Amino acid sequence: MGPPTTPERPSLAALRLWYDTVGHCHPPALIAAATSFGADRLVLGTDFPYEDGEVFERAVSYIEDSGLPADEISGILDTNAAALLGLSGS
């Protein structure tokens with residue numbers, strides 16, 4: 001039995017998905033995700049309530065300190081989730 005027939009390549013389908021930033025504060029993984037899928041497909045992820053305190057805060061600060069452009073950081077931390085939820089015009 002071979003692979004299932006799909007209407008498009010999985011690499012193209014992956015570009016329609018959304019991804020969270022839980023990467024255990026590893027900027028190279030965040031940058032790779034932004035490069036591979038587009039920063040506009042990334043939303044903040046924190047693993048809350050399992051993480052708290054400094055670890056929870058680091059889930060945000062590592063994005064701010066990642067070296068990504070400011071507009072991409074703003075999208076990841078704010079506007080991308082609004083777009084995902086259909087709240088962009090609100």
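**Exercise 1.** Which glycine follows H2, and what is the sign of its phi?

*Solution.* The model is predicted: local features need pLDDT of at least 70, side-chain atom pairs count only at pLDDT 80 or more, and totals for chains, interfaces and linings use all residues. Residues are numbered from 1 along each chain as its sequence is written, and side-chain values use heavy atoms, with hydrogens and water left out. Helices (H or I, at least four residues) and strands (E, at least two) are DSSP runs, numbered from the N terminus. Glycine 38 follows H2, and its phi is positive, near 100 degrees.

**Exercise 2.** Identify the buried residues of H2 and state how they are arranged.

*Solution.* Step 1: buried means under 20% relative accessible area, exposed over 50%, and partly exposed in between (1.4 Å probe, protein chains only). Step 2: in H2, Leu30, Ala33 and Ala34 are buried. Step 3: they lie on the same side of H2, because they cover an arc of only 95 degrees around the axis, taken from the directions from the helix axis to the C-beta atoms. Step 4: an α-helix has 3.6 residues a turn, so residues three or four places apart point the same way. Step 5: the cover over these buried residues includes strand E2 (42–43), H3 and H4.

**Exercise 3.** Describe the setting of leucine 44.

*Solution.* Step 1: leucine 44 lies in the loop between E2 and H3. Step 2: leucine 44 is partly exposed, its relative accessible area being 33%. Step 3: leaving aside neighbours within four places in sequence, its contacts (heavy atoms within 4.5 Å) include Asp20, Val60 and Leu77.
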